[in-house]
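Colleague: I should like to go through this structure with you, beginning with its interior. May I put some questions to you?

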Amino acid sequence: MNALEQLRTMTTIVADTGDLSAIERLAPVDATTNPSLITKALTHPDKQALLSDTLNRFQGDIDAVIDALTIEIGCDILKLIEGRVSTEVDARLSYDTQATINKALDFMDAYSQAGVDSDRILIKIAATWQGIEAAKVLEKQNIHCNLTLLFGQHQAAACADAGVTLISPFVGRILDWQKRQQNRQIVPVEDDMGVQSVKLIYQYFKQHGYATQVMGASFRSPEQVLALAGCDLLTISPELLDSLAALETQVIRQLSPELAINGSAALNKISLDQAAFDAAYQDDKVTQNLLPKGIDGFIAARDQLADTLKLMKK
């Protein structure tokens with residue numbers, strides 16, 4: 001078996017792409033929606049009638065149009081996969097718990113009206129304290145959440161305590177930060193802070209019996225991916241998936257519940273209220289740098305989509 005085939009025996013593979021044609025080709029278990037995907041869909045001939053109808057239906061209310069298109073694209077993706085689609089809450093709401101809850105409930109209602117089972121939806125929320133608190137409320141209503149832009153152990157611990165279904169720690173962005181801080185062009189995978197972060201989170205969750213799944217994200221190389229073989233899920237770009245499929249090498253499992261519990265140093269359980277979470281954030285230079293930038297990037301992508309839709313409306 002090639003490296004990708006071996007990896008599939010250990011880990012649930014998710015395609016990290018917004019390209020519907022790539023999703024169809026790669027047939028991942030899970031997938032996601034985001035403003036970049038909707039922007040791409042705008043150029044497809046098959047979507048022009050939908051776009052025109054949606055703009056007319058909401059009389060140019062751009063936020064309502066984006067939400068409606070998000071659900072439409074989510075439904076399109078679900079036709080191509082067996083698993084779940086992550087639907088992203090507007091990143092402008094990342095520090096507003098109640099607004100995040102309200103938007104999630106709106107999305108779930110829209111999916112329900114489209115005949116989609118709630119178990120196939122993950123509400124994607126930035127892992128701020130307010131976002132995690134929103135996820136805690138939603139999970140109690142059996143609405144499953146994917147907490148993203150996760151860079152620090154304190155974020156992961158708070159998500160686990162909140163009963164979040166899934167977290168997406170970002171491997172590659174941490175490596176990018178490490179290279180800048182250490183002025184290094186190349187970092188061996190054994191020294192990769194992004195890889196180390198996910199391993200530590202995985203071990204912590206398994207040692208303390210948390211049900212929250214860990215999905216490594218934001219990879220820069222096949223070596224990073226293989227260093228996390230055995231993680232609950234890994235979301236991987238089509239380019240890296242193709243590289244792994246072309247790689248003829250033995251893949252050795254790096255993570256498993258048994259290894260985490262019996263083969264790793266014991267990790268103390270962490271309990272965080274908001275004050276402790278904020279203090280941990282202030283002590284974590286990686287998260288302090290990357291979380292706000294990530295939120296700003298999500299907002300910029302939505303703004304770009306809004307600008308495109310405003311031009312179409314004219």
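Colleague: Which residues does Ile236 touch, not counting residues up to four places away in sequence?

Modeller: The model is a predicted one. Contact here requires heavy atoms within 4.5 Å. Not counting residues up to four places away in sequence, Ile236 touches Leu7, Ile13, Val14, Ala15, Asp16, Phe219, Val225, Leu241 and Leu244.

Colleague: Which helix contributes the largest share of the largest nonpolar core?

Modeller: That core holds 85 residues, and Ile123, Leu147, Ile167 and Ile236 touch the most other members. Nine of the core residues, the largest share, come from residues 62-78, which form helix H5.

Colleague: Which residues does the second, separate core include?

Modeller: This core has 15 residues. Among its members are Phe151, Trp177, Tyr281 and Phe298.

Colleague: How far apart are the end C-alpha atoms of helix H6?

Modeller: Helix H6 covers residues 97-113, 17 residues in total. At 1.5 Å a residue, the expected span is 24 Å. The computed separation agrees with this, at 25 Å.

Colleague: Within what arc do the buried residues of H6 fall?

Modeller: The buried residues are Thr100, Ile101, Lys103, Ala104, Phe107, Met108 and Tyr111. Seen down the axis of H6, they line one face of the helix, because they fall within an arc of 165°.

Colleague: Which residue caps the N-terminal end of H6?

Modeller: The cap involves the backbone nitrogen of Gln98. A side-chain oxygen lies 3.4 Å from that nitrogen, and this oxygen belongs to Asp96.

Definitions and conventions: Residues numbered from 1 in each chain as written. Predicted model: local features only at pLDDT ≥ 70, side-chain atom pairs only at ≥ 80, totals over all residues. Heavy atoms only, no water. Core = buried A, V, L, I, M, F, W, Y, C linked by side-chain atoms within 4.5 Å. Buried < 20%, exposed > 50% of the residue type's maximum accessible area, 1.4 Å probe, protein only. Helix = DSSP H or I, 4+ residues; strand = E, 2+ residues; numbered from the N terminus. Expected span 1.5 Å × (residues − 1). Arc of directions from axis to C-beta. Polar contact = N/O pair within 3.5 Å; in protein donor to acceptor, adjacent residues only side chain to side chain.
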